[in-house]
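Here is a short report on one protein model. It takes up cavities, a helix pair and some backbone details.

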Amino acid sequence: MRVLAVHPSALMYTKIFLRLEPLGLELIAGAARDAGHTVQIIDLQVETHQDYWRMIQEFRPHAVCFSGSYLANIPEIVDLCRETRVRMPGVFLFVGGHSVSFIARDVLALADGAIDCVLRGEGDATVGQLLDTRQAGGDITTVPGVVTLTAEGPPPTFVKSLDMIRPARDLLRHRGKYFIGTLDPAASIEFARGCPWDCTFCSAWTFYGRSYRTASPTVIADELEAIREPGIFIVDDVAFVHAEHGMAIGEEIKRRGIRKEYYLETRADVLLRNKEVFRFWKELGLSYIFIGMEAVDEEGLKQFRKRVSLDRNFEALEFARSLGLIVAINIIADPAWDRKRFEVIRQWCLEIPDIVNISVMTPYPGTEIWQSEARRLTTRDYRLFDIQHAVLPTTLPLEEFYEELVKTQQVLNQKHLGWSAIKDTMGIALRLALHGQTNFLRMIWKFNSVFNPKLQLADHRRTPRYEMPPQPEAAEKVDRRTLYVHNPAGRRSRTIDDATEKFVEETRMTAAE
């Protein structure tokens, strides 16, 4: 079959600070191609709907699959599927990805028959089987993870080994368009999949069933050698959970003399536990480290259920700085914040040298916060679920909340992208521009055109084309079994040693499965 794999358009935040290679879609494309199908990719982060229709006309695909990793992209995906169905009545249309896996039937209902199925869970595990079954005229509901309007297949399955699946990077056009910070251009790579923790605001653990699986160091090094981009974003939800694995990858990279610049995300307690790993990776080219603090007071940390004390968070920041790393942290803005709270956050952010990102607390399907907060939603418009809009009641009038939020973001923007900061980065920007890379330079000037309280408020006033269904009353206690996409398999699903397993259990706050 001829298969077109589609990544939807960029979200608000990614229009400025980063634009990541669609690695998940490349993995799907690679798996489909390995199964014998002819595949092309289009990424609407960097191309247009006009480009999509041109590819549809020229390629004439038998199947089109969409990446549904973000809720805010659902309306665009549904609209494209509806129009594609009109233009090509016989084409096989399906959607997969993280977010859509939790709301498969809702999306199918919105599409009103335009989407043939949703493929839940790890699509690279079964996309080949799905396409083969469709091509042979078989029953697609025999494929694990498939959901249709009228039936559902067996539970999703994992890929047998992360070493067996390789992304089809060669199919992605415009590779120079992907960047994160000053890593321009940057490719993305996966060292491990899953997360063994269980933070209330996150759906990584519910998607993967608290599993944690790793790729072998030799396969990772092979992939790094083949990547042309000098910058590398490591997509793992928590990098280097297992110290031995991180060291083994590093040793293989060092042995081969691979030189890249790396950006990764991790937890404060993992950084402090595995200091030698991060110190070693600094020597290998680790440049940026993102630490999700989420809150800067003990009560906030309890709310988001991270058993990491505030002192340990600050200790982790100090250690990362001592390595000479550029540190970025995330703070979640609670809709309950008042003007005083925003001012406290602004002052704190200005006192520290690190890059601070402010996102808005947003309940997502698949999270425990969704189970407890979904009935309180002030909007059910999918487009607003992008962590930059308030979808829960705000203490301040909504217009004032956005004014304070954007004011805080502007202060941080001036700190890191203002004229004083530009002096420090102009050399980098000019060097990149001389090599034809202008993503970082352009983002400096785009902030005010994207982050604007009047525009954010106007987004709420648009008539939604597609809305989430009303949610039932929250239960007194969350039934965690209803959250999972991949069912948990306990200890055997985590590729970590016993000491690391003990560490994980001590730093989460619920009972083991």
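About 60 Å³ of space lies in the largest cavity of this predicted model. A cavity here is a set of points, on a 1 Å grid over the protein atoms alone, where a 1.4 Å probe fits but cannot get out. Grid points are joined across faces, edges and corners, and the volume is the space filled by probe spheres set on the points. By this rule there are two cavities of 30 Å³ or more.

Many residues line the largest cavity, among them Leu23, Leu27, Leu162, Ile165, Arg166 and Glu223. Lining residues have an atom within 4 Å of a point. By class, the lining has seven nonpolar, no polar and four charged residues. Ala, Val, Leu, Ile, Met, Phe, Trp, Tyr, Cys and Pro count as nonpolar; Asp, Glu, Lys and Arg count as charged; the others, Gly among them, are polar.

Some ground rules apply. Residues are numbered from 1 along each chain as its sequence is written, and side-chain values use heavy atoms, with hydrogens and water left out. Because the model is predicted, local features need pLDDT of at least 70 and side-chain atom pairs count only at pLDDT 80 or more, while totals for chains, interfaces and linings use all residues.

Next, a helix pair. The axes of helix H2 (residues 49-59) and helix H3 (residues 74-87) come within 12 Å and cross at roughly 35°. Axes are lines fitted to C-alpha atoms, for helices over the stretch in contact, and angles run from 0 to 180 degrees between N-to-C directions. Helices (H or I, at least four residues) and strands (E, at least two) are DSSP runs, numbered from the N terminus. H2 contributes His49, Tyr52, Trp53 and Ile56 to the contact, and H3 contributes Glu76, Leu80, Glu83, Thr84 and Arg87. Contact means heavy atoms within 4.5 Å. The contact has four nonpolar, two polar and three charged residues.

Now the backbone. Most residues other than glycine have a negative phi, and most peptide bonds are trans. Two residues other than glycine have a positive phi here:

| Residue | Phi | Loop between |
|---|---|---|
| Arg210 | near 55° | helix H7 (204-208) and strand E11 (213-214) |
| Ile387 | near 60° | helix H15 (368-373) and helix H16 (398-417) |

Arg210 is buried, with a relative accessible area of 0%. Ile387 is partly exposed, at 31%. Buried means under 20% relative accessible area, exposed over 50%, and partly exposed in between (1.4 Å probe, protein chains only).

A cis peptide bond joins Asp184 and Pro185, with omega about 5°. Pro185 lies in the loop between strand E8 (179-180) and strand E9 (186-189).

Notes
On a 1 Å grid over the protein atoms alone, a cavity is a set of points where a 1.4 Å probe fits but cannot get out, and a pocket is an open set with protein on both sides within 12 Å along at least five of seven lines; lining residues have an atom within 4 Å of a point.
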